[in-house]
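Here are a few exercises to work through with the model open in your viewer. Try each task before you read its solution.

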Amino acid sequence: MNNLLVMPMVIPLLTGVFLVFLRPYVRIQRIVSLLSVLGTLGVAVYILNRIQTEGILKLDFGGWLPPYGILFVADSFSALLVVTTMVVTGILLLYAFSSIGKAHENMFFYPVVFFLVAGVNGSFLTGDLFNLFVCFEVMLLASYVLITLGGRKVQLVESIKYVSINVLSSWFFLLAIAYLYGTVGTLNMAHLSMRVAEAGQDPLLTVIGIIFLLVFSLKAGLLLYFWLPGSYSAPPTAVAALFGALLTKVGIYALFRVFTLIFYHEPEITHTMIGVMAALTMIGGGIGAIAYNDVRQVVSYNVVIAVGFILVGLAVSTEAAIQGSIYYLIHDMIIKALLFLLAGTMIYLTGTARIERMSGLIRNYPILGWLFFITMLSLTGIPPLSGFIGKVYVGQGAVEAGAFVLLGLAFLSSIFVLYSLLRIFMNCFWGETIINEDDDVPLPKGMLIPCVLFGLLTVALGLGAEGIAVYVSDAAHTLMNPDIYIEAVMNGNR
Amino acid sequence: METLITILVGVLVTVAVYLLLSRNLIRVILGTAILSHAVHLLLMTMGGLKKGSVPLLGENAESYTDALPQALILTAIVISFAVTAFLLVLAYRTFKETGSDDLDALRGVKDE
């Protein structure tokens with residue numbers, strides 16, 4: 001029954017294909033997509049729980065034993081991310097039902113979302129570097145379509161930049177794969193790890209590692225985030241939230257995988273680089289977040305800050321720090337989706353994205369205002385909300401490793417996050433209301449409910465951190481001890 | 001032979017970078033196409049060029065050529081084909097919508 005492992009990729013893929021044929025029947029499309037998300041979520045939760053009892057699961061396609069075939073590997077880290085992905089996608093689909101509009105729904109919006117999810121889940125689960133490239137491309141092609149769908153001028157102009165930068169980074173990915181294959185002659189991640197460990201990570205391999213760092217930094221928005229704020233503010237809200245919640249996280253996942261499993265022998269070079277890049281990312285993101293008066297830009301720069309923060313955990317690379325990063329990664333997927341939804345809803349209600357043109361929203365939409373307040377606290381890391389536990393662990397790890405500069409910057413970045421969001425909160429929600437009772441736009445229930453669900457999730461994740469602690473500590477333990485992964489892939493008989 | 005091909009890859013990358021840096025949208029797209037060809041050649045070269053006989057077709061040769069790079073290239077070609085097609089359509093739509101294919105004219109959004 002190990003075939004189950006491929007389901008998180010195959011179910012969305014088949015759903016996507018199936019939905020293409022249901023183009024005119026919007027209602028059926030919605031029902032099918034929700035059912036499919038629920039089914040995939042069920043499978044993912046089951047996989048996550050099986051990993052706890054049976055250890056890392058793997059599936060060799062076609063029975064070709066590693067290192068010869070392609071395989072899917074699920075450890076706690078990837079399974080946790082798949083579960084979070086499905087939860088976030090489900091709630092975002094709910095939001096899309098009421099906000100995305102008939103034109104999108106009739107133009108293959110749902111199928112493309114499912115292709116995107118298939119690519120994301122595939123990237124999390126694959127155990128082969130080239131397969132990772134293919135899954136990245138599946139995800140990216142779907143995202144190209146999603147960002148351009150609708151065809152407004154802004155979208156087209158922004159998507160040209162987005163597509164060309166991603167084509168270039170995919171090129172670097174292939175280049176790195178070519179060099180790596182030429183050097184060590186394998187692409188299976190576990191086998192790569194063994195060979196690199198045997199041969200010793202000489203300067204050549206370190207350089208290849210740095211090319212991988214470049215590739216994944218471009219995807220994750222680590223230091224090379226110049227394309228991110230523009231692209232993430234162009235598409236409709238539901239799509240922007242999907243991007244903000246999922247796309248950069250795949251890059252972060254790949255960074256963690258590659259630099260804990262394969263290139264972990266020269267931390268003074270690679271991990272120091274990651275640390276410096278993370279620091280610069282937090283500084284740049286912080287400056288961006290407080291510099292703009294456009295809600296969408298502020299929110300996009302908040303994504304950048306979070307990327308920097310999560311990678312502090314990888315840079316210091318102690319077990320506590322990695323645990324913190326995983327907590328924060330899960331938290332960030334949920335809270336960034338919520339933040340994008342709230343920003344989009346505000347724009348929908350007021351018809352403007354400028355902070356100075358909104359005022360007193362909390363009088364008309366109290367729940368929205370309080371949700372924004374909770375989001376702000378959660379992002380800043382106030383207990384008992386979900387951001388707290390991740391920040392504590394990353395901080396603890398940084399202290400253990402003696403990385404005090406990174407520690408200081410990481411916590412300083414929280415203040416920048418707080419300031420940037422507080423500015424939105426005070427300007428847009430407080431003050432005299434600008435909306436008189438006649439042209440009060442009603443807030444559709446379908447837009448409010450997903451936001452409330454995300455809000456409940458962040459509270460639940462904060463209060464119930466104990467509940468996922470088992471999974472997270474197992475994930476961090478596996479990441480810190482590559483031998484467990486290698487052993488499971490090369491010798492696991494399942 | 002490997003050296004020759006590597007130099008060819010270098011030339012292709014040079015051409016592609018030159019095209020990528022131009023302001024014309026179509027040239028940029030052609031640049032990405034050439035760039036992907038360059039990396040496909042590199043993938044092939046990295047696996048070693050023709051070291052033995054054809055794989056899979058018989059069992060009585062002494063050594064076989066590594067078939068994996070070719071499988072990789074095949075996949076990569078399909079992907080780059082799809083992306084290039086998408087980019088071309090995108091460029092056409094953008095030209096229709098904005099009336100320009102000059103990247104300088106397509107900079108940023110006015111309301112900032």
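**Exercise 1. Find the loop that holds A:Phe108, and work out whether this residue is buried or exposed or in between.**

Solution. Keep in mind that this is a predicted model. Start with the place: A:Phe108 sits in the loop between helix H4 (102-106) and helix H5 (109-125) of chain A. Next, look at the backbone: phi of A:Phe108 is near 65°, a positive value in a residue other than glycine. That's worth a second look, since most residues other than glycine have a negative phi. Last, count neighbours: A:Phe108 has 17 C-beta neighbours inside 10 Å, so it counts as partly exposed.

**Exercise 2. Do the same for A:Ser317: where is it, and is it buried or exposed?**

Solution. Go to the loop between helix H13 (295-316) and helix H14 (319-350) of chain A, and you'll find A:Ser317 there. Its phi is positive, about 55°, although A:Ser317 is not a glycine. Now the count: buried takes 20 or more other C-beta atoms within 10 Å. A:Ser317 has 23 C-beta neighbours inside 10 Å and therefore counts as buried.

**Exercise 3. Locate the cis peptide bonds at A:Pro67 and A:Pro384.**

Solution. Take A:Pro67 to begin with: a cis bond joins A:Pro66 to it, with omega about 5°. A:Pro67 belongs to the loop between strand E1 (57-60) and strand E2 (71-74) of chain A. Then move to A:Pro384: the bond from A:Pro383 to A:Pro384 is cis, and omega is near 5°. A:Pro384 lies in the loop between helix H16 (366-380) and helix H17 (387-401) of chain A. As a reminder, most peptide bonds are trans.

**Exercise 4. Describe how E1(A) and E2(A) pair, then sort the side chains of E2(A) by direction.**

Solution. Check the pairing: E1(A) and E2(A) run antiparallel to each other, over four bridges. For a landmark, use A:Asp60, which stands opposite A:Leu71 in E2(A). Then follow E2(A): A:Leu71 and A:Val73 point one way, while A:Phe72 and A:Ala74 point the other way. All four of these residues are buried. The pattern fits the rule that side chains in a regular strand alternate between the two faces of the sheet.

**Exercise 5. Work out how chain B compares with a compact globule of 112 residues.**

Solution. List the elements: chain B has three helices and zero strands, in the order α-α-α from the N terminus. Compare radii of gyration: a compact globule of 112 residues would come out near 13 Å, but chain B has 19 Å. Then check the spans, about 70 × 25 × 20 Å along the principal axes of the C-alpha trace. Buried residues make up 24% of chain B. For confidence, chain B averages a pLDDT of 87, and 96% of its residues score at least 70.

**Exercise 6. Which elements of chain A give two or more residues to the side that touches chain B?**

Solution. Begin with the totals: 23 residues of chain A are in contact with 24 residues of chain B. On the side of chain A, the elements giving two or more residues are helix H6 (129-148) and helix H7 (153-184). H7(A) provides the largest share, 16 residues. By type, this side of chain A divides into 16 nonpolar, five polar and two charged residues. Finally, note the predictor's scores for the complex: an ipTM of 0.93 and a pTM of 0.95.

Definitions and conventions. Residues numbered from 1 in each chain as written. Chains lettered and ligands numbered in written order. Predicted model: local features only at pLDDT ≥ 70, side-chain atom pairs only at ≥ 80, totals over all residues. Buried ≥ 20, exposed ≤ 12 C-beta atoms within 10 Å, placed from the backbone. Rg over C-alpha atoms; globule rule 2.2 N^0.38 Å. Contact = placed C-beta atoms within 7 Å. Nonpolar A, V, L, I, M, F, W, Y, C, P; charged D, E, K, R; others polar. pLDDT = per-residue confidence, 0-100. Pairing = 2+ DSSP bridges.
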